[in-house]
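Let's take a walk through a protein model together. Keep the 3D view open and turn it as you read.

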Amino acid sequence: MRNDQGDLVAALDFGGTKIAGALVDAGGHLLARARRPTPATEDAATVMDAVAGVLAELGRSVHWSRVRAVGIGSAGPVDASRGTVSPVNVPGWRGFPLVAEVARAVGGLPVTLVGDGVAMTAAEHWRGAARGRANALCMVVSTGVGGGLVLGGRLNPGPTGNAGHIGHISVALDGDPCPCGGRGCVERLASGPNITRRALADGWRPEPGEEASAAAVAAAARAGDAIALASFARAAQALAAGIAATAALVEIEVAVIGGGVAQAGEVLFAPLRERLRDYAALSFTSAVEVLPARLGSDAGLVGAAAAAAERRGLWGPGAGR
Ligand SMILES: [Zn+2]
């Protein structure tokens, strides 16, 4: 049932492509929304102006007077202990004091920061595919690849809010350099831009008038295009290796996959489940289930709100259980 009178959290989902905002209630409903493209290549102040624009639009909602806290899920790495963010795909922000800047923009409301992968994990554990699971890896496969862990029934963000950042574990020892400084990272093989890049390099072309994107590659793969299928198969292989490594380390029972690339559906999930049988072959890893995320593109917002509400004692994944 919708709660018309309760406390709300203003949630921000900051990514390399877009900045989304919403007012979220204790039932996980989004009462107002705002959205801006991320000026990812601009300077720090210009990127912050876009965030402030989203907050200002939310501030014009009739529901704003019920907002008690702000929750931010940001592209990583983040440092939740310092309130700073350094999103790999936004070079103008390195150690950017996002918590302080947002607090100033909202008149001093308390602000909670988590990585976007941790936010998505909080959302899927609270209301989605990982609900009721004690040990889970949740992943966002999109412009980048993020993730988070539920261990022993609890969200496990780690000291700085980055634990479970599966996009930057290496699955190809001598693989391509990654913007993070590593090599052969899961993200370098499985993110949307890298699926597109690999398909283009191998000779795939979008339909006339169509933009080259992972969604276009997915459409071509569904139509049987061999190059498009191969690019998704390679992404699936990288994800399978990362999931298997995680299962061996911490005994997850389920891997939940969301983000734009997961919208490709069986084009991604079928080869992923198949390759997981190759990599997760131990007795205690072979039963890992792979499930699509349930909350779709709203997971970051719902999770950021849940993390903030729980921190501030309003409501959250721990409430009512
Ligand atoms: Zn990396």
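Which strands does helix α3 lie across? Find residues 116-127, which make up α3, and you'll see that the helix lies across β1 (8-14), β4 and β7. Against β7, helix α3 runs at about 100°. Keep in mind that what you're looking at is a predicted model.

Now for the sheet those strands belong to. It's an open sheet of five strands, and going across you meet them in the order β3-β2-β1-β4-β7, with mixed pairing. At the edges sit β3 (30-37) and β7 (111-115), each pairing on one side only. The sheet also twists, by an average of 15° from one strand to the next.

Zoom in on β7 and its partner β4, which covers residues 67-74. These two strands run parallel, and five bridges join them. One spot to look for is V70, which stands opposite V111 in β7.

Helix α3 has company on this sheet. Helix α9, residues 299-311, lies across β1, β2 (18-24), β3, β4 and β7. Its direction is at about 125° to β4.

Next, move along to helix α8, residues 266-279. How far should its 14 residues span? At 1.5 Å a residue, the answer is 20 Å, and the end C-alpha atoms are 19 Å apart, so the two values agree.

Which residues of α8 are buried? They are V267, L268, P271, L272, R275, L276 and Y279. If you follow these buried residues outward from α8, you'll find them packing against α6 (214-222), α7 (226-250) and β12 (289-292).

Notes
Residues numbered from 1 in each chain as written. Predicted model: local features only at pLDDT ≥ 70, side-chain atom pairs only at ≥ 80, totals over all residues. Pairing = 2+ DSSP bridges. Helix = DSSP H or I, 4+ residues; strand = E, 2+ residues; numbered from the N terminus. Axes fitted to C-alpha atoms, helices over the stretch in contact; angles between N-to-C directions. Contact = placed C-beta atoms within 7 Å. Expected span 1.5 Å × (residues − 1). Buried ≥ 20, exposed ≤ 12 C-beta atoms within 10 Å, placed from the backbone.
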